[in-house]
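User: I would like to go through chain pairing and sheet layout in this model. Please keep the answers short and state the cut-offs.

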Amino acid sequence: MLDDFFIRALIAGLGIAIVTGPLGCFVIWRRLSYFGDTLAHSALLGVTLAYTLEFNIAFSVFIISSLIALILIQLQKRTNLPGDALLGLLAHSSLAVGLVVIGFLTFIRFDIMGLLFGDILAVTVDDILIIWIGGPLILLVLKLIWKPLFASTVNYELAEAEGLNPDRAKAIFTILMAGIIAISIKMVGLLLITGMLIIPAAMARNISSSPQSMVIYSILGGLLSVVLGLFTSLEFNTSSGPSIIAASLFLFILSLLNIKQSIKLKN
Amino acid sequence: MTSNQNILVKLNQAGFRIKDKWLVKGVSLQIEKGKIVTLIGPNGSGKSTTAKIALGIYKKIDGEVEKYTNKVGYVPQKISIDWTLPLRVKDFMVLTENLKDEDINEALSLTGVIQLKNKNLGDLSGGEFQRVLIARAISKKPDLLVLDEPVQGVDFTGEIALYKLIKKITDELNCGILLISHDLHTVMSATDHVVCLNGHVCCSGSPMDVAKNNEYKALFGEQAFQILSRYEHRHDHIHTNEGEIKKN
């Protein structure tokens, strides 16, 4: 019936979707989709580092992504360049440096397509462990910082004035972003992680009226995308990342139809 | 340092600048439990900046701020909320603190917007939103309320009612209030202490003291003085035991 590798991919994918759901909502609310992209692009450097030093990939990606986030914060303080220019600079230069380093590592055979777009065949039991330990950990921390993070997303000054320490929450959230990219890179691929974060959340926005319901719909949308995407991937022998993202796009389009209907009903 | 237990916030020669441009400097004031301190001054005189210094929003400041409470309710002058967030009034009420449903209902009823509880925040009118902002600030029963032009956009009858409410809340909760208002009428009738700003403290004291001050007159003109004299005239008679009005 189902192959072992497929079951592993399914377990891993579902674990990722539960975490990208709520994080993705914050990415949309705080307008961080390009920031997510930047961290994801820098992940390639993390992967090459992991291969060179024979290190765990998730751990190495986590370190490099956090580092890039730190550099970004410093650049924002020290230059007058606009935020999107800095993000583009970091995203593409870290991707370029990563690719150059790969060029030097001729003794290792890289599956570039797998890195960029995800590979379900590559998911090991270790990866599942990392996802199912790291994922709940990310969710737990997110729950702890939810109040200050959400309040400062709505209005920074209110959160600051009423003693919630939004700066700390923002810093922790950045680390959580690096964390989710680290644990999902093998599965979704570094070019598509941001899609996994924002498309289910965007779909959820279309059909929800409160922050809590948006988080729940976002998780459900992500889970459904993983299941749909992986079965498609198995059926048509396509890469796992694009299949999952295409499935989430399909759900997003469905949610748009739902809006149209409710507008019609109103009139 | 003072040992006065009633002090909630104390500013000592506080100021804030962006690069070399001072937004406000040399402000000293203190807010005590159960007292209303009002900041007045023309546009750009540093009223909101002073409030933000007191609240700890601005951190790199000159001078000193001592804040003795973290139970703060804040109604900012300007609030830019991203309407892409799905946010209902009742979600907004629990933004910074978890509240019981009855506390949310009570606060929304007090400011007259209980019927909006399940509405999307983006669908409210300016005045309605202002009432929700006030409800949110008082619902957490704060020690310190900072109200930056709290009744802007509220209709005339609502304005009077809200100021009455604010006064009532101060008495009930025994909280301190830092109020920023353009309405000199309100300032003169409900305030314990007035600080008149114009980039620095022009003058401060009881409403009467400030109104007599020449700098205040120079800033606000003769009309402001008229308001005060009208206020004074309310007291130009006394009521006798028989209920008759007797001129002084």
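User: Which residue stands opposite Leu144(B) in E7(B)?

Analyst: The model is predicted: local features need pLDDT of at least 70, side-chain atom pairs count only at pLDDT 80 or more, and totals for chains, interfaces and linings use all residues. Residues are numbered from 1 along each chain as its sequence is written, while chains are lettered from A and ligands numbered from 1 in the order in which they are written. Strand E6 (residues 144–148) and strand E7 (residues 176–180) of chain B run parallel and are joined by 5 bridges; strands (E, at least two residues) and helices (H or I, at least four) are DSSP runs numbered from the N terminus. Opposite Leu144(B) in E7(B) stands Gly176(B).

User: Which helix packs on that sheet, touching E5 and E6 of chain B?

Analyst: Contact requires C-beta atoms, placed from the backbone, within 7 Å. Axes are lines fitted to C-alpha atoms, for helices over the stretch in contact, with angles from 0 to 180 degrees between N-to-C directions. At about 170 degrees to the direction of E5(B), the helix touching E5 and E6 is H4 (residues 126–139) of chain B.

User: What is the strand order of the open sheet of 6 strands in chain B?

Analyst: Two strands pair if DSSP finds at least two bridges between them. Strand E5 (72–75) and strand E9 (201–205) of chain B each have a single partner strand, so one side of each lacks a neighbour in the sheet. The pairing is mixed, and the order is E5-E6-E7-E3-E8-E9.

User: Why is one side of strand E2 and of strand E4 of chain B left without a neighbour in the sheet?

Analyst: The open sheet of 3 strands in chain B is antiparallel, with the order E2-E1-E4. Its twist averages 15 degrees from one strand to the next. One side of E2 (21–32) and of E4 (62–67) in chain B has no neighbour because each stands at an edge with a single partner strand.

User: Which residue in E2(B) does Arg17(B) stand opposite?

Analyst: Strand E1 (residues 7–18) of chain B runs antiparallel to E2(B), with 8 bridges between them. Arg17(B) faces, in E2(B), Trp22(B).

User: How many residues on the side of chain B that touches chain A are nonpolar?

Analyst: In the contact between the chains, 18 residues of chain B meet 18 residues of chain A. Ala, Val, Leu, Ile, Met, Phe, Trp, Tyr, Cys and Pro count as nonpolar, Asp, Glu, Lys and Arg as charged, and the others, Gly among them, as polar. On the chain B side 4 are polar and 2 charged, and the nonpolar residues number 12.

Notes: Two residues are in contact if their C-beta atoms, placed from the backbone, lie within 7 Å.
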